[in-house]
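Welcome to a short set of exercises on strands, helices and surface. Try each task by eye before you read its solution.

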Amino acid sequence: MEQTELTLEKFEEASEIVKEVTLETKLVYSDYFSRMTGNKVYLKPENMQFTGAYKVRGAYYKSSTLTEEEKAKGVITASAGNHAQGVAYAAKCKNMKATIVMPTTTPLIKVNRTKGFGAEVVLHGDVYDEACTKAYELAEEYGYTFIHPFDDLTVATGQGTIAMEIIKELPLVDVILVPIGGGGLAAGVSTLAKMLNPKIKVIGVEPEGAACMKASLEKGEVLTLPKVNTIADGTAVKTPGSKIFPYIQANIDEIITVADEDLIVAFLDMVENHKMIVENSGLLTVAALKKIDAKGKKVVSILSGGNMDVITMSSVVQQGLIFRDRIFTVSVLLPDKPGELQRVAGVIAEQNGNVIKLEHNQFVSTNRMAAVELRITIEAFGKEHKEEILKALEKGNYKPKVTRTII
């Protein structure tokens with residue numbers, strides 16, 4: 001029988017059941033983010049789960065509530081990401097057949113990972129909505145139980161077990177930051193947190209380019225965005241869940257939106273200061289740390305997942321270095337004669353700048369003796385160091401112009 005409300009009894013039951021498949025993700029105190037924000041910041045590293053994300057909690061708890069007949073028929077879902085792996089792994093643990101419908105555009109590594117947990121993968125449609133429609137059709141045809149990624153109160157109960165763990169480990173937590181896509185995680189975490197301690201402030205965090213929950217809350221009803229555009233693909237949702245929406249209305253204190261640029265910088269922060277790989281959606285709560293109106297509080301950021309392919313990772317690292325002024329490209333004009341390249345390199349070296357790329361354009365002017373263009377990509381320590389290098393080049397009469405950096 002389908003769960004009709006979120007109750008403390010169900011949360012307690014789920015908290016015990018999910019222990020069968022979850023790894024213990026103890027809070028990690030962040031000295032770096034604490035100093036940056038003036039709060040005591042703790043990270044809840046769900047990126048360290050066996051499947052790389054929190055999604056296994058809801059999928060496994062949902063699976064545990066099925067009847068023997070439902071288990072015998074199997075489960076189905078539509079997902080291109082963490083939910084797919086969560087359902088596949090939960091089904092494997094319960095010895096159930098799992099069918100996962102994924103868009104045809106899903107990266108091969110995600111398809112293979114899902115298959116690796118024993119699931120049957122059906123590729124259909126170009127986007128999630130088309131895959132979801134197909135999943136419902138198959139569920140109807142074969143009698144599979146559909147496990148919704150977020151708009152299911154049983155699934156939300158499983159996700160909410162994160163709040164139980166946070167409060168047991170840090171009873172005096174003041175603020176919990178939770179990422180929002182469709183809203184299942186936020187509904188579960190915020191509802192249980194308020195049940196255990198109404199004084200806890202729960203802040204939802206969405207990408208600016210996919211803030212469907214913020215728009216829905218402002219309207220007072222579930223809205224569908226015309227489009228979404230964000231690198232946080234795990235939270236790129238047009239329509240939040242209608243079943244969980246009343247719980248979001250009642251228990252989420254505030255919603256913060258985060259720009260993609262802030263997620264890119266947050267990725268660098270996590271890698272360099274905590275040696276952790278966190279996917280873009282999981283970084284929402286990290287990027288939001290500097291936006292919350294609090295000082296001297298105990299703040300927990302939920303890192304929802306860490307499944308990021310290496311191509312995306314490479315791109316994010318490069319962009320992060322550029323945004324932080326750790327890498328920049330400068331164009332200078334110099335006479336086309338021997339020794340000039342050595343002289344400009346010497347100016348940069350004196351400022352401890354590291355040249356990582358040179359492009360020499362002799363055809364910037366018809367008068368080559370008057371000027372040729374040299375594009376120099378330089379590694380620096382940050383904004384101040386970059387400015388020092390630029391000033392030194394100006395002093396050497398090179399008239400530097402900062403240009404777009406392409407590594």
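Below are four exercises, each with a worked solution.

This is a predicted model, where local features need pLDDT of at least 70 and side-chain atom pairs count only at pLDDT 80 or more, while totals for chains, interfaces and linings use all residues. Residues are numbered from 1 along each chain as its sequence is written, and side-chain values use heavy atoms, leaving out hydrogens and water.

**Exercise 1.** Find the order of the strands in the open sheet with antiparallel pairing, and name its edges.

Solution. Start with the terms: strands (E, at least two residues) and helices (H or I, at least four) are DSSP runs, numbered from the N terminus, and two strands pair if DSSP finds at least two bridges between them.
- Step 1: the 4 strands follow the order β12-β13-β11-β14.
- Step 2: β12 (354-361) and β14 (401-403) each have a single partner strand, so they stand at the edges, with one side lacking a neighbour in the sheet.
- Step 3: on average, neighbouring strands of this sheet are turned by 30° against each other, direction ignored.
- Step 4: β11 (residues 327-334) is joined to β14 by 3 bridges, and V330 has V402 in β14 as its bridge partner.

**Exercise 2.** Which strands does helix α15 lie across?

Solution. Helix α15 (residues 340-350) lies across β11, β12 and β13 (372-379). Contact here means heavy atoms within 4.5 Å. The helix runs at about 30° to β13; axes are lines fitted to C-alpha atoms, for helices over the stretch in contact, and angles run from 0 to 180 degrees between N-to-C directions.

**Exercise 3.** Describe the pairing of strand β2 and its cover.

Solution.
- Step 1: β2 (residues 40-45) pairs with β1 (residues 28-30) in the antiparallel sense over 3 bridges; Y29 is matched with Y42 in β2.
- Step 2: β2 pairs with β10 (residues 298-303) in the parallel sense over 6 bridges, and V41 has V299 in β10 as its bridge partner.
- Step 3: 5 of the 6 residues of β2 are buried (under 20% relative accessible area; exposed is over 50%, partly exposed in between; 1.4 Å probe, protein chains only).

**Exercise 4.** Is M195 buried or partly exposed, and in which helix does M195 lie?

Solution. M195 belongs to helix α9 (residues 184-196). Its relative accessible area is 36%, so M195 counts as partly exposed.
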